[in-house]
Amino acid sequence: MKAILKLTALSLLVLLYACGQKAHEHDGHDHDHAHDAPDASPNHALYEEVMKVHNEAMAKMDAVYRLREDLKKKASETPGLSAEKKKEMEDMVLKLDSANESMMTWMHEFKPEPDSVAGEEKVREYLETEMEKVKKVREDILEAIDRAKAL
């Protein structure tokens, strides 16, 4: 069990680092010069909004991990805890895991193409769809955090 915990913590750290690197690559320093100008792409502003929502959600991932670990500890170490309350805590751990997994899946699957490759309209449609997905991920994360804190 401790090995799983260590692996989860290590995975989270690697993903947080990678996400930070990915955000850095898109800040105007390490990417193609065609994207340096704010209006280089008609979809640039939409892309930036998608990334803003993503970054807001990623900033909460540490809280997700901490709450998950706190609930697991409380569920296993609190004497006299009712079976119902223990089950509620375990279910909340699963909800936190699900919120985490949703973020990891979204990040893994998010692969926008430049307008010049896919076409401006297709890129806009893709980014609009991804905006809805990442907003849902953010909502799930925030809801899981709020519910976990209430326990």
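Helix α4 passes α6 in a left-handed crossing. This is a predicted model, and in it the axes of α4 and α6 (residues 120-150) come within 9 Å and cross at roughly 160 degrees. With angles over 145 degrees counting as roughly antiparallel, α4 and α6 are therefore roughly antiparallel to each other.

Who does the touching? On the α4 side, the contact uses Met92, Lys95, Leu96, Ala99, Ser102, Met103, Trp106 and Glu109. Across from them, α6 puts in Tyr126, Glu130, Lys133, Val134, Val137, Asp140, Ile141, Glu143, Ala144, Ile145, Arg147 and Ala148. Sorted by type, the residues of this contact come out as 12 nonpolar, 1 polar and 7 charged.

Now for the other partner of α4. The axes of α3 (residues 61-77) and α4 come within 9 Å and cross at roughly 155 degrees, which makes α3 roughly antiparallel to α4. This crossing is left-handed. From α3, the residues in contact are Met61, Val64, Leu67, Arg68, Leu71, Lys72, Lys74 and Ala75. From α4, they are Lys86, Met89, Met92, Val93, Leu96, Asp97, Asn100, Met103 and Met104. The split here is 11 nonpolar, 1 polar and 5 charged.

Some α4 residues turn up on both lists: Met92, Leu96 and Met103 are in the contact with α3 and also in the contact with α6. These three are buried as well.

**Helix lengths and buried residues**

Here is how the end-to-end C-alpha distances stack up against a rise of 1.5 Å a residue.

| Helix | Residues | Expected span | End-to-end C-alpha distance |
|---|---|---|---|
| α2 | 15 residues (44-58) | 21 Å | 21 Å |
| α4 | 27 residues (83-109) | 39 Å | 38 Å |
| α6 | 31 residues | 45 Å | 45 Å |

For α4, 38 Å agrees with the expected 39 Å, and α2 agrees with its expected span too. Likewise, α6 reaches a distance close to what is expected.

Which residues of α4 are buried? They are Met89, Met92, Val93, Leu96, Ala99, Met103, Met104, Trp106 and Met107. An α-helix has 3.6 residues a turn, so residues three or four places apart point the same way. That's handy to keep in mind when reading these lists.

In α6, the buried set is Val123, Leu127, Glu130, Met131, Val134, Val137, Asp140, Ile141, Ala144, Ile145 and Ala148. Note that Glu130 and Asp140 are in there, and both also belong to the contact with α4. What covers the buried residues of α6? The cover includes α2, α3, α4 and α5.

Over in α2, the buried residues are His44, Tyr47, Val50, Met51, Val53, His54, Ala57 and Met58.

**A loop residue**

Phenylalanine 110 sits in the loop between α4 and α5 (115-118). Is this residue buried or exposed? Its relative accessible area is 3%, and the cut-off for buried is under 20%, so phenylalanine 110 is buried. The C-alpha atom of phenylalanine 110 is 10.0 Å from that of lysine 133, 23 residues away along the chain. Lysine 133 is one of the α6 residues in contact with α4.

**The whole chain**

Zooming out, the protein has 6 helices and 0 strands, running α-α-α-α-α-α from the N terminus on. Of its 151 residues, 30% count as buried. Among contacts with a separation of 6 or more, 78% are between residues 24 or more positions apart.

Notes:
Residues numbered from 1 in each chain as written. Predicted model: local features only at pLDDT ≥ 70, side-chain atom pairs only at ≥ 80, totals over all residues. Heavy atoms only, no water. Helix = DSSP H or I, 4+ residues; strand = E, 2+ residues; numbered from the N terminus. Expected span 1.5 Å × (residues − 1). Buried < 20%, exposed > 50% of the residue type's maximum accessible area, 1.4 Å probe, protein only. Axes fitted to C-alpha atoms, helices over the stretch in contact; angles between N-to-C directions. Parallel < 35°, antiparallel > 145°, perpendicular 65-115°, else oblique. Left-handed = near helix turned anticlockwise from the far one by under 90°. Contact = heavy atoms within 4.5 Å. Nonpolar A, V, L, I, M, F, W, Y, C, P; charged D, E, K, R; others polar.
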